[in-house]
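Here is a short dialogue on how to read a protein structure. Look at the sequence and the structure before going on.

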Amino acid sequence: MATVTYDQASRIYAGTERPAVNKLDLEIGDGEFLVLVGPSGCGKSTSLRMLAGLEDVDEGRILIDDRDVTHLPPKARDIAMVFQNYALYPHMTVYENMAFALKLRRTSKSEIDRRVKEAAALLQLEEYLNRKPKALSGGQRQRVAMGRAIVREPQVFLMDEPLSNLDAKLRVQTRTQIASLQAKLGVTTVYVTHDQVEAMTMGHRVAVLLDGVLQQVDTPRNLYDVPANVFVAGFMGSPAMNIKTVPLTEQGAVFADLVVELSREQVEAAKANGGGDKVTVGFRPEDCDLVGASEGGMPMSVELVEDLGSDANVYGYATLDGSSERFVVRTDRRHMPRMNDTVFVRPRPGQHHAFHAANGQRL
């Protein structure tokens with residue numbers, strides 16, 4: 001087991017205007033499960049491949065357990081990687097696939113047998129050891145790829161979107177298995193995904209990237225409750241947070257006839273540094289209520305209602321500053337409106353998030 005440190009690490013591809021990964025500073029603790037998340041092209045897979053030694057580090061350093069591995073080849077880094085496409089040898093059995101890296105190291109047959117059978121038991125693969133990959137389901141193949149990494153007993157596991165080829169039900173099941181397995185093994189793990197639900201449910205901490213720049217790293221709960229900026233606020237959570245830039249008064253943010261109260265400090269911070277008379281305010285779908293017309297809510301015309309069983313998502317449009325803006329509200333399914341109804345939305349006091357209108361930083 002080991003710690004991992006990105007020290008101002010950058011990857012700059014020739015002919016590009018900006019780095020794919022820009023001065024990444026990140027400390028990953030011994031035994032930690034850290035998830036790198038962000039939209040396509042944000043630099044998360046490049047960051048992982050830099051740690052693996054599959055991409056060059058053009059500036060800065062990468063350390064594993066205080067050992068500088070920046071310019072070491074992959075085989076000298078004591079890491080094991082699980083890929084999106086499994087990367088199994090089709091002509092080998094499950095046993096042979098899992099044992100292959102150990103054979104290359106000239107590990108003794110008895111030690112290979114012990115490690116492979118222990119990993120197979122851990123992953124519930126004992127009955128498949130003599131099968132070829134083509135005889136396995138997608139989930140079973142992914143477990144074989146995991147087993148091949150486990151038998152190497154590396155200091156660090158690296159996983160690059162390992163669940164993206166699985167169907168929705170199997171993805172949920174397998175992510176539970178991976179999180180449970182990592183907790184049992186206690187091996188430092190860096191996991192890349194574009195799926196924020198995976199990130200929220202699997203990681204001890206989550207690092208959010210955008211355009212090669214680290215936006216925030218924190219526990220899933222803190223990312224959700226205290227996002228550092230507008231991007232993190234909108235990216236984490238499903239359905240996404242309602243985020244709008246609206247007029248600012250001394251009392252707070254103005255949504256049509258509704259005023260979302262802000263503290264004096266937030267109002268002053270919103271005006272500073274070019275914020276002017278605008279402020280960006282967000283509230284999550286579950287942090288607002290549908291109220292009566294006389295109760296001070298914002299009128300919204302209902303476009304779509306998603307009945308989720310226990311509750312419902314209500315999508316609609318409200319008029320703000322002369323333009324039609326989309327909102328979503330989560331409500332008790334027993335009080336679901338119908339399409340084309342007009343409902344009145346009121347954020348719960350103290351549950352909103354305020355950001356600077358110009359730079360997007362949390363107020």
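The dialogue below takes up a sheet, some rings, the cysteines and one proline.

Q: What kind of model is this, and how are residues numbered?
A: This is a predicted model, in which local features need pLDDT of at least 70 and side-chain atom pairs count only at pLDDT 80 or more, while totals for chains, interfaces and linings use all residues. Residues are numbered from 1 along each chain as its sequence is written, and side-chain values use heavy atoms, with hydrogens and water left out.

Q: What is the strand order of the open sheet of 6 strands?
A: Strands of a sheet pair through backbone hydrogen bonds, either parallel or antiparallel. Helices (H or I, at least four residues) and strands (E, at least two) are DSSP runs numbered from the N terminus, and two strands pair if DSSP finds at least two bridges between them. Here the order is E6-E7-E8-E3-E9-E10, and the pairing is mixed. Strand E6 (79-82) and strand E10 (213-218) are the edge strands, each pairing on one side only. On average, neighbouring strands of this sheet are turned by 20° against each other, direction ignored; axes are lines fitted to C-alpha atoms, for helices over the stretch in contact, and angles run from 0 to 180 degrees between N-to-C directions.

Q: How many bridges join strand E7 to strand E8, and which helix packs on the sheet?
A: Strand E7 (residues 156-160) and strand E8 (residues 188-193) run parallel and are joined by 5 bridges. Within this pairing, Phe157 stands opposite Thr189 in E8. Helix H5 (residues 168-185) packs on the sheet and touches strand E3 (33-37), E7 and E8; contact means heavy atoms within 4.5 Å. The direction of H5 makes about 140° with that of E3.

Q: How many aromatic pairs does a search of the whole structure find?
A: Rings of Phe, Tyr and Trp (its six-membered ring) pair if their centres lie within 6.5 Å; planes under 30 degrees apart count as stacked, over 60 as edge-to-face and the rest as tilted. The search finds 6 pairs. One of them is Phe255 with Phe327, edge-to-face, at 6.4 Å centre to centre and 65° between the planes. Phe255 lies in strand E12 (residues 252-255) and Phe327 in strand E18 (residues 323-332), so this pair ties together parts 72 residues apart in sequence. The rings of Phe283 and Phe327 have centres 6.0 Å apart and planes at 15°, so they are stacked. Phe283 lies in strand E14 (residues 278-283), so its pair with Phe327 in E18 ties together parts 44 residues apart in sequence. Phe255, Phe283 and Phe327 form one aromatic cluster.

Q: Are the rings of Phe255 and Phe327 in residues that are buried or exposed?
A: Buried means under 20% relative accessible area, exposed over 50%, partly exposed in between (1.4 Å probe, protein chains only). Phe255 is buried at 0%, and Phe327 is buried at 1%.

Q: How many disulfides are there?
A: A disulfide is a pair of cysteine sulfur atoms within 2.5 Å. By this rule the count is 0. Cys42 is buried, at 2% relative accessible area, and Cys288 is buried, at 1%.

Q: Where is Pro220, and which residues does Pro220 touch?
A: Pro220 is in helix H7 (residues 220-225). Leaving out residues up to four places away in sequence, Pro220 touches Ala199, Met200, Gly203, His204, Arg205 and Val206.
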